[in-house]
Amino acid sequence: MQTFLGSRLARFLGNVHPYSHHLYLSRCGESEYTVGGKIGGDSELAPRGQEFALRLAEFADAVVCRLATSFACVTLSPQQAGELP
């Protein structure tokens with residue numbers, strides 16, 4: 001871990017539990033301000049941000065809460081992502 005936050009997080013997790021565990025990190029969904037090219041603020045989620053929130057909730061329910069044995073993750077190209085509704 002090269003960053004301050006990363007090294008602090010690794011140290012915290014290493015000291016809290018002596019057994020292995022998983023940590024899931026996620027970025028926020030796309031907001032109306034992001035679509036408009038603005039930085040910061042407190043705007044509503046854009047339609048893609050709302051879809052991201054729903055998919056993240058599905059992932060958390062299936063993988064984190066129920067500890068699913070398998071889960072399919074798909075990577076889309078920027079062009080494919082642009083074609084999504």
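## A walking tour, starting at Arg 55

Select Arg 55 to begin: with a relative accessibility of 52%, this residue counts as exposed, because the cut-off for that word is over 50%. Please keep in mind as you go that you are looking at a predicted model.

**Stop 1: around Arg 55.** Now add Glu 51 to your selection. The two side chains meet in a salt bridge, with 2.8 Å from N to O. Both residues belong to helix α3, where they sit four residues apart, about one turn of the helix. Is Glu 51 exposed or partly exposed? Its relative accessibility is 36%, so Glu 51 counts as partly exposed.

**Stop 2: a second salt bridge.** How many salt bridges does the structure hold? There are two. To see the other pair, select Glu 30 and Arg 48, whose side chains meet at 3.4 Å, N to O. Glu 30 is in the loop between α1 and α2 (32–35), while Arg 48 is in helix α3 (residues 47–65), so this pair ties together parts that are 18 residues apart in sequence. Colour the pair by accessibility if your viewer allows. Glu 30 is partly exposed at 25% relative accessibility, and Arg 48 is partly exposed as well, with a relative accessible area of 44%.

**Stop 3: Phe 52.** Stay with helix α3 and pick Phe 52, which lies in that helix. Its relative accessible area is 35%, so Phe 52 is partly exposed. Which residues does Phe 52 touch, leaving aside its neighbours within four places in sequence? Show Ser 26, Arg 27, Cys 28 and Gly 29: Phe 52 is in contact with each of these. You can also draw a distance from Phe 52 back to Glu 30 of the previous stop; their C-alpha atoms are 8.0 Å apart, although 22 residues separate the two along the chain.

**Stop 4: a nonpolar patch.** Turn on the surface and select Leu 9, Phe 12, Leu 23 and Leu 25. Together these residues make a nonpolar surface patch of about 420 Å². Phe 12 is the one to click on next: it is part of helix α1 (residues 4–16). With 51% relative accessibility, Phe 12 counts as exposed, because exposed means over 50%.

**Stop 5: a charge over a ring.** Select Tyr 33 and Lys 38. The charged end of Lys 38 sits over the ring of Tyr 33, and the distance to the ring centre is 4.9 Å. If you are hoping to find aromatic rings paired with one another, how many such pairs does the whole structure have? A search finds zero aromatic pairs.

**Last stop: the whole view.** Clear the selection and switch to a cartoon display. The protein has four helices and zero strands, and from the N terminus on the order of elements is α-α-α-α. Of the 85 residues, 7% are buried. Back on the surface display, the protein exposes about 7,800 Å², and carbon and sulfur atoms supply 58% of that area. Finally, try a contact map: among contacts with a separation of 6 or more, 20% are between residues 24 or more positions apart.

Technical notes. Residues are numbered from 1 along each chain as its sequence is written. This is a predicted model: local features need pLDDT of at least 70, side-chain atom pairs count only at pLDDT 80 or more; totals for chains, interfaces and linings use all residues. Side-chain values use heavy atoms; hydrogens and water are left out. Patches are made of residues with over 30% relative accessible area and no salt bridge: like charges are joined within 9 Å, nonpolar side chains (Val, Leu, Ile, Met, Phe, Trp, Tyr) within 5 Å. Accessible areas come from the Shrake-Rupley method with a 1.4 Å probe; for residues, only the protein chains shown count as cover. A salt bridge is a side-chain nitrogen of Lys or Arg within 4 Å of a carboxyl oxygen of Asp or Glu. Helices (H or I, at least four residues) and strands (E, at least two) are DSSP runs, numbered from the N terminus. Buried means under 20% relative accessible area, exposed over 50%, partly exposed in between (1.4 Å probe, protein chains only). Rings of Phe, Tyr and Trp (its six-membered ring) pair if their centres lie within 6.5 Å; planes under 30 degrees apart count as stacked, over 60 as edge-to-face and the rest as tilted. A charge sits over a ring if NZ of Lys or CZ of Arg is within 6 Å of the ring centre and within 35 degrees of the ring normal. Contact means heavy atoms within 4.5 Å.
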